[in-house]
Amino acid sequence: MTQATDAALIERSLTQPDCFAALFDRHYAAIHGYAERRLSRPLADDIAAETFLIAFDRRATYDRSRPDARPWLYGIASNLIARHHRAEVRQYQALARAEVSEVGEDHAERVADSLDASAARGRLAAALAGLPAGDRDVLLLVAWAELTSDEVGRALGVPAGTVRSRLHRARTKIRAVLDPALIEKER
């Protein structure tokens with residue numbers, strides 16, 4: 001027996017609302033995980049739940065020619081996350097402030113590696129906080145949700161070319177923060 005497409009589940013849910021539960025079961029963990037990486041667990045719980053509530057309310061307007069509802073759901077989640085943009089930026093700034101200083105040579109190598117990872121995380125958080133919201137959304141949808149440029153475009157309601165441009169800009173800025181020497185070599 002083949003698994004029903006997301007579009008088929010949504011269509012069936014118009015007359016049998018309980019069918020929407022299968023779409024929820026199929027995608028909730030991914031939407032929640034994306035929201036949790038962007039915000040925090042308590043906010044992710046709210047964002048994921050609200051994403052599916054909105055999707056259920058708007059299911060009659062879903063373009064059923066698209067069998068995969070992931071971009072649609074990620075788009076809803078991204079819009080909800082945008083409402084929490086200030087909190088998200090504050091979180092990245094706090095991570096950047098928590099950046100760990102380097103240790104002396106007498107520490108064990110694994111401790112140094114751990115601290116290096118913490119320092120990179122702080123720089124990454126600062127870089128993410130400094131990105132324009134549109135660029136950050138594109139980068140995180142590609143990196144964390146593993147969406148293609150076309151899927152990100154559908155999720156955010158922008159052309160795929162715009163997605164690729166934002167992704168290139170975001171990656172360049174992130175690389176510049178994480179490894180400034182790399183950018184100098186490219187020039």
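Here is a short chat about burial and salt bridges in this predicted model.

Colleague: Why is Asp-135 called buried?
Modeller: Its relative accessible area is 2%, and buried means under 20%, so Asp-135 earns the word. You will find Asp-135 in helix α7 (residues 133–143). Leaving aside neighbours within four places in sequence, Asp-135 is in contact with Arg-166, Arg-169, Ala-170 and Lys-173.

Colleague: What makes the pair Asp-137 and Arg-38 a salt bridge?
Modeller: Their side chains meet at 2.8 Å, N to O, and the limit is 4 Å, so the pair qualifies. Asp-137 lies in helix α7 and Arg-38 in helix α2 (residues 20–38), so the salt bridge ties together parts that are 99 residues apart in sequence.

Colleague: Are those two partners buried or exposed?
Modeller: Asp-137 is buried at 11% relative accessibility, and Arg-38 is buried at 1%.

Colleague: How do you know that Arg-83 is exposed?
Modeller: Exposed means over 50%, and Arg-83 has a relative accessible area of 63%, so the term fits. Arg-83 also forms a salt bridge with Glu-50, with the closest N and O atoms 3.6 Å apart. That pair links helix α4 (residues 70–83) with helix α3 (residues 41–57).

Colleague: And why is Glu-50 called partly exposed?
Modeller: Glu-50 has a relative accessible area of 31%; that falls between the 20% and 50% cut-offs, so Glu-50 is partly exposed.

Colleague: How many salt bridges does the structure hold?
Modeller: There are nine. Another pair is Arg-70 with Asp-68, at 3.2 Å between the closest N and O atoms. Shared partners join Asp-68, Arg-70 and Glu-151 into one network.

How values were computed:
Residues are numbered from 1 along each chain as its sequence is written. This is a predicted model: local features need pLDDT of at least 70, side-chain atom pairs count only at pLDDT 80 or more; totals for chains, interfaces and linings use all residues. Side-chain values use heavy atoms; hydrogens and water are left out. Helices (H or I, at least four residues) and strands (E, at least two) are DSSP runs, numbered from the N terminus. Buried means under 20% relative accessible area, exposed over 50%, partly exposed in between (1.4 Å probe, protein chains only). Contact means heavy atoms within 4.5 Å.
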